[in-house]
Amino acid sequence: MTDFDIIPSIWIINGKCVRLKRGDFATEEVISNNPLEIAQAFEDHGIKWLHLVDLDGARRGEPKNYHILEAIAGYTNLIVDFTGGISTDGDLLKCFEYGAKTITAASVAASYPERFAQWMVTYGREKIILAADTNPEHMKIKTRGWLKKTEIDLFDHIEYFYERGLKYLKVSDVTRDGVLEGPNFALYEKIVEKYPKIHLAASGGVRNIDDFKRLKDLGVTAVVFGRAFYEGLITLKDLDIFISENK
C-alpha cells in the first residue's frame, strides 16, 4: 500500500453488485448485473485496489462468489482484496487461487483467533487483513456479515492481533455504513493514537472527497468507500483529481 489508498468496494449477492444500509440485507438494492464493468471503470481512472465483498459468503460462513473474483482478477490489474465467509485454510487458498492478492477476515478472527494469527505467520501479514467491525454504542465486535454480535471488545480484539504482528486493519462503524453520515473520525483517531504502526483502513459513512482528506490528515492509511460513489457524490473525475494530487 501507499501512504494513503482509496479503495472502492463492490458488494456481491448472487453475482450482482448491490448496496445495503448499515449492513441490513433487507435494504438490498441491485446497482449492476456486471461487477466486472464497474471494476474496469475504477481501474481506468487510476484506482489500484478493490475491496470485493461476498455477502452470500459472509452470511453462510463460506465464500460463494469465486467466479466474480476470478473475472475481476483475470480481466483487470486491480489488487483485489476479497472478503466474505473465509473461515478455513481451504477457503483462503481458494481465494488466492482465484486471484485475490489479499484477504480480509472478521468472523474467523473472532471465533478462532489462533487460526487467524497463524494465517499471518503462514501466508504473511501483508496478505492477511483483520476486519474489526463494531457498533460504537457498545464497542463489541460484529461478525457474519454484521448479523451476529459478540461480547468481544473492539480494542481487546485489535490488541490481541497487534501483539502477534498484525499490520493491516479495517474498521467499520456499522451504524454509519451506507447512510452517508460521515466516518466516525473520533474512533479512527483513537485507533491511530493507540496503534500508530498499524495500517488502518476506515470504512463506513464516507460522503465525499473531503472525508478522504480528513481521514488522511488523521493518519489513517486507507479508506474504503461505496455508496457515495454509487449515488454520484464521489465521481470518477473526483477520483482522478484526488489521485493526481496525492501521488
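**View 1. Gly 219, just beyond helix α9.** Just after α9, Gly 219 adopts a positive phi of about 100°. Helices here are DSSP runs of H or I with at least four residues, strands are E runs of at least two, and both are numbered from the N terminus. Please keep in mind that this is a predicted model, in which local features need pLDDT of at least 70, side-chain atom pairs count only at pLDDT 80 or more, and totals for chains, interfaces and linings use all residues. Residues are numbered from 1 along each chain as its sequence is written, and side-chain values use heavy atoms, with hydrogens and water left out.

**View 2. The start of α9.** Here a side-chain oxygen of Asn 208 comes to within 3.1 Å of the backbone nitrogen of Asp 210.

**View 3. The two sides of α9.** Ile 209, Asp 211, Phe 212 and Leu 215 are the buried residues of α9 (residues 209-218); buried means under 20% relative accessible area and exposed over 50%, with a 1.4 Å probe and protein chains only. These buried residues sit on the same side of α9 because they cover an arc of only 155° around the axis, taken from the directions from the helix axis to the C-beta atoms. Asp 210 and Asp 217, on the other side, are exposed. The buried residues pack against β1 (5-13), α8 (185-194), β11 (199-203), β12 (222-225) and α11 (236-245), where contact means heavy atoms within 4.5 Å.

**View 4. Helix α8.** Now meet Phe 185, Leu 187, Tyr 188, Ile 191 and Val 192, which are buried in α8. They line one face of the helix, since they fall within an arc of 160° seen down its axis. Ala 186 and Glu 193 are exposed on the other side of α8. The cover over the buried residues of α8 includes β7 (128-135), α7 (154-162), β10 (168-173), β11 and α9.

Conventions:
A polar contact is a pair of N or O atoms within 3.5 Å; within protein, one must be able to donate a hydrogen and the other to accept it, and residues adjacent in sequence count only if both atoms are side-chain atoms.
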